[in-house]
Amino acid sequence: MDFIDQVKQFAKRVETLKDSIQTEEATKTSIIMPFFAMLGYDVFNPLEFTPEFIADVGIKKGEKVDYAIIKNGEPVILIEAKSTNKKLERHDSQLFRYFGTTKAKFSILTNGITYRFYTDIEETNKMDKEPFLEFNIIKIKENQINELKKFKKELFDVDMLLDSACLLKYEKQFKALFEQQLQEPTDDFIKIFVSSVYAAPKTQSVLDKFRPILKKSLNDYINETLNDKIMNALQNTEIDNTNIIDDNMDIKTTPF
């Protein structure tokens, strides 16, 4: 079974179990530990997957993170686990405190359903406020599965993952900006398009005039492109089905 199928099978398991899980410990044993086992880690080997990992913060001693994945004797991933019925907002502050006290370059905050992956892109040894990767395991997309695959034990490479994290971080920001422009184009964004089609001075009244035109044009283009792809996919399916029918009709039986 390839990794995509493994994740999809695991997602079905989570969807089946999630409503019956009421505590953090139950979440850990029934979902979170199996999730990391799926990634190839020996979750019952404390030398590789350490529970209650001590991450002292300043003068506070005995501070513990739920799990740490260990490689060559050093933590590489810190994991903070919450119950499935807990929202993750505000809980990242714990990981933020722990992150700078260890050599780990990645941290994960999860309630078994939502997974948030963090690193230190903006400032070394200081966990970023925003995750570079986030997904709901029940609704995980194929491109997210491909990113998750890089965290498998046999593929784990810090430098490669940091490069991927940077790309994902800025890709996420670009998508958010583009979505914002589709909803309400800013003056600077409008000027990029208007400069190519309108020679007169770009006064505020001109920009305001073009704002709804540009918004409609961009959204229409996206919708038309999606519709074209859907039509092409349907046509290809029809062609494939026709070929199957033709092949079946060409089959000749030999009488006994």
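The following paragraphs describe the sheet, the nonpolar cores and the salt bridges of a predicted model.

The strands of the model are arranged in an open sheet of 6 members, ordered β1-β2-β3-β4-β5-β6, with mixed pairing. The edge positions are taken by β1 (49-54) and β6; each has a single partner strand, so one side of each lacks a neighbour in the sheet. On average, neighbouring strands are turned by 25 degrees against each other, direction ignored. In general, the strands of a sheet pair through backbone hydrogen bonds, in either a parallel or an antiparallel manner.

At one edge, β1 pairs with strand β2 (residues 64-71) in the antiparallel sense, and 5 bridges connect the two. Within this pairing, Thr50 lies opposite Ala68 of β2. At the other edge, strand β5 (residues 114-118) and β6 run antiparallel and are joined by 4 bridges. Here Arg116 is positioned opposite Glu134 of β6.

Strand β6 (residues 133-136) has two faces that differ in their covering: Leu133 and Phe135 make up the covered face, whereas Glu134 and Asn136 make up the uncovered one. In a regular strand, side chains alternate between the two faces of the sheet. Two residues of this strand, Glu134 and Phe135, are touched by Gln144, which also contacts Lys139, when residues up to four places away in sequence are not counted. Gln144 itself belongs to helix α4 (residues 142-149). With a relative accessible area of 15%, Gln144 is classed as buried, because the limit for that class is under 20%.

Nonpolar side chains tend to be buried together in soluble globular proteins. In the present model, the largest nonpolar core comprises 39 residues, and Phe35, Phe36, Ile77 and Ile137 have the most contacts inside it. Helix α2 (residues 24-38) supplies the largest share of this core, namely 6 residues. A second, separate core consists of 14 residues, including Leu78, Leu88, Ala104 and Tyr118. The surroundings of Ile137 involve several parts of the sequence: Ile137 touches Val7, Phe10, Ala11 and Val14, as well as Phe35, Gly112, Ile113 and Tyr115, residues up to four places away in sequence being left out.

Charged side chains form 17 salt bridges in total. One of these connects Lys28 and Glu25, whose closest N and O atoms are 3.3 Å apart. Both residues lie in helix α2, and because they are 3 residues apart, about one helical turn separates them. Lys28 is buried, its relative accessible area being 4%.

A further salt bridge is formed by the side chains of Lys153 and Glu48, with an N to O distance of 2.8 Å. This pair links distant parts of the chain, 105 residues apart: Lys153 is located in the loop between α4 and α5 (158-183), and Glu48 in the loop between α2 and β1. The two partners fall into separate accessibility classes, since Lys153 is partly exposed at 40% relative accessibility, while Glu48 is buried, with a relative accessible area of 11%.

The side chains of Lys126 and Glu123 also meet in a salt bridge, at 3.9 Å from N to O. In this case Lys126 is partly exposed, with a relative accessibility of 39%, and Glu123 is likewise partly exposed, at 44%. Finally, Glu24, Glu25, Lys28 and Asp66 are joined into one network by salt bridges that share partners.

Definitions and conventions. Residues numbered from 1 in each chain as written. Predicted model: local features only at pLDDT ≥ 70, side-chain atom pairs only at ≥ 80, totals over all residues. Heavy atoms only, no water. Core = buried A, V, L, I, M, F, W, Y, C linked by side-chain atoms within 4.5 Å. Buried < 20%, exposed > 50% of the residue type's maximum accessible area, 1.4 Å probe, protein only. Contact = heavy atoms within 4.5 Å. Pairing = 2+ DSSP bridges. Axes fitted to C-alpha atoms, helices over the stretch in contact; angles between N-to-C directions. Salt bridge = Lys/Arg side-chain N within 4 Å of Asp/Glu carboxyl O.
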